[in-house]
Amino acid sequence: MELTAVKELKSALDKKFAHNIVVLDLGGVTPIADYFVIATGASAPQIAALTDTAEECLKQHGMTLKHTEGLRAGKWVLLDFGAIIVHIFDKESREYYDLERIWRDAKIVDGGD
């Protein structure tokens, strides 16, 4: 079910013109989540729209949002749905934090565009 949800989330974010969408399978790497979904938005308004899309998509899969961070700043939004954590960055923050490097032991389920 979670894999289906992250694949549908990737598709929904793509339809809203998110860039470089990557899904990391964290199984066996860390107990904090099963998947990270990482995407880049071009502006603060787009990041907000992508955040709304992610929330809507995962709630349709019966998932409950446990915690949100960064929405006001508009540079990096974190949505914690427990098993799935969504990171939506602006370009500079994505390059700076480079989560794909930090979590390089995770398997890439679906790569960027």
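These legends walk through several close-up views of the predicted model shown above. Because this is a prediction, local features need pLDDT of at least 70 and side-chain atom pairs count only at pLDDT 80 or more, while totals for chains, interfaces and linings use all residues. Residues are numbered from 1 along each chain as its sequence is written, and side-chain values use heavy atoms, with hydrogens and water left out.

**View 1. Thr-51, a buried residue in helix α2.**
Thr-51 sits in helix α2, residues 44–60. Helices here are DSSP runs of H or I with at least four residues, strands are runs of E with at least two, and both are numbered from the N terminus. Thr-51 counts as buried because its relative accessibility is 1%; the scale is buried under 20% relative accessible area, exposed over 50%, and partly exposed in between, with a 1.4 Å probe and protein chains only. Where does the side chain of Thr-51 reach? It gets to the backbone oxygen of Ile-47, at 2.8 Å. Leaving aside residues up to four places away in sequence, Thr-51 touches Leu-71, Val-77, Leu-79 and Ile-88, where contact means heavy atoms within 4.5 Å.

**View 2. Two Lys–Glu salt bridges, one in helix α2 and one in helix α3.**
The structure has five salt bridges, each a side-chain nitrogen of Lys or Arg within 4 Å of a carboxyl oxygen of Asp or Glu. In helix α2, Lys-59 pairs up with Glu-55, and their closest N and O atoms are 3.7 Å apart. These two residues are four apart, about one turn of the helix. Lys-59 is partly exposed at 46% relative accessibility, whereas Glu-55 is buried at 17%. Over in helix α3 (residues 91–97), Lys-91 and Glu-95 are also four residues apart, about one turn. The closest N and O atoms of the Lys-91 and Glu-95 bridge are 3.7 Å apart. Lys-91 is exposed at 52%, and Glu-95 counts as exposed at 53%.

**View 3. Asp-98 and Arg-101 joined by a salt bridge.**
Here the side chains of Asp-98 and Arg-101 meet at 3.6 Å, N to O. Asp-98 is partly exposed, with a relative accessible area of 26%. Arg-101 is partly exposed too, at 45%.

**View 4. Strands β3, β4 and β5, linked by two hairpins.**
Strands count as paired if DSSP finds at least two bridges between them. Antiparallel strands β3 (residues 67–69) and β4 (residues 76–80) are joined by three bridges, and His-67 has Asp-80 as its bridge partner in β4. Their hairpin has six residues between the strands, with Gly-70 in the turn at a positive phi of about 85 degrees. Next along, five bridges join β4 to β5 (residues 84–89), again antiparallel. Leu-79 faces Val-86 in β5, and Trp-76 stands opposite Phe-89. This hairpin has three residues between its strands, and Gly-82 in the turn has a positive phi of about 85 degrees.

**View 5. Strand β5, mostly covered.**
How many of the residues of β5 are buried? Six of six. Ile-84, Val-86 and Ile-88 point one way, while Ile-85, His-87 and Phe-89 point the other. Strand β2 (residues 35–40) runs parallel to β5, and six bridges join the two. Ala-39 has Ile-88 as its bridge partner in β5.

**View 6. Aromatic pairs across the chain.**
A pair of aromatic rings is described by the distance of the centres and the angle of the planes. Rings of Phe, Tyr and Trp (its six-membered ring) pair if their centres lie within 6.5 Å; planes under 30 degrees apart are stacked, over 60 edge-to-face, and the rest tilted. The structure holds five such pairs. Phe-36 and Trp-103 have ring centres 5.4 Å apart and planes at 80 degrees, so they are edge-to-face. Phe-36 is in strand β2 and Trp-103 is in the loop between α4 (99–102) and β6 (107–110), 67 residues apart. Phe-36 is buried at 4% relative accessibility. Trp-76 and Tyr-97 make a tilted pair, because their centres are 4.5 Å apart and their planes lie at 45 degrees. With Trp-76 in strand β4 and Tyr-97 in helix α3, this pair ties together parts 21 residues apart in sequence. Trp-76 is partly exposed at 26%, as is Tyr-97 at 35%. Trp-76, Phe-89, Tyr-96 and Tyr-97 form one aromatic cluster.

Conventions. Polar contact = N/O pair within 3.5 Å; in protein donor to acceptor, adjacent residues only side chain to side chain.
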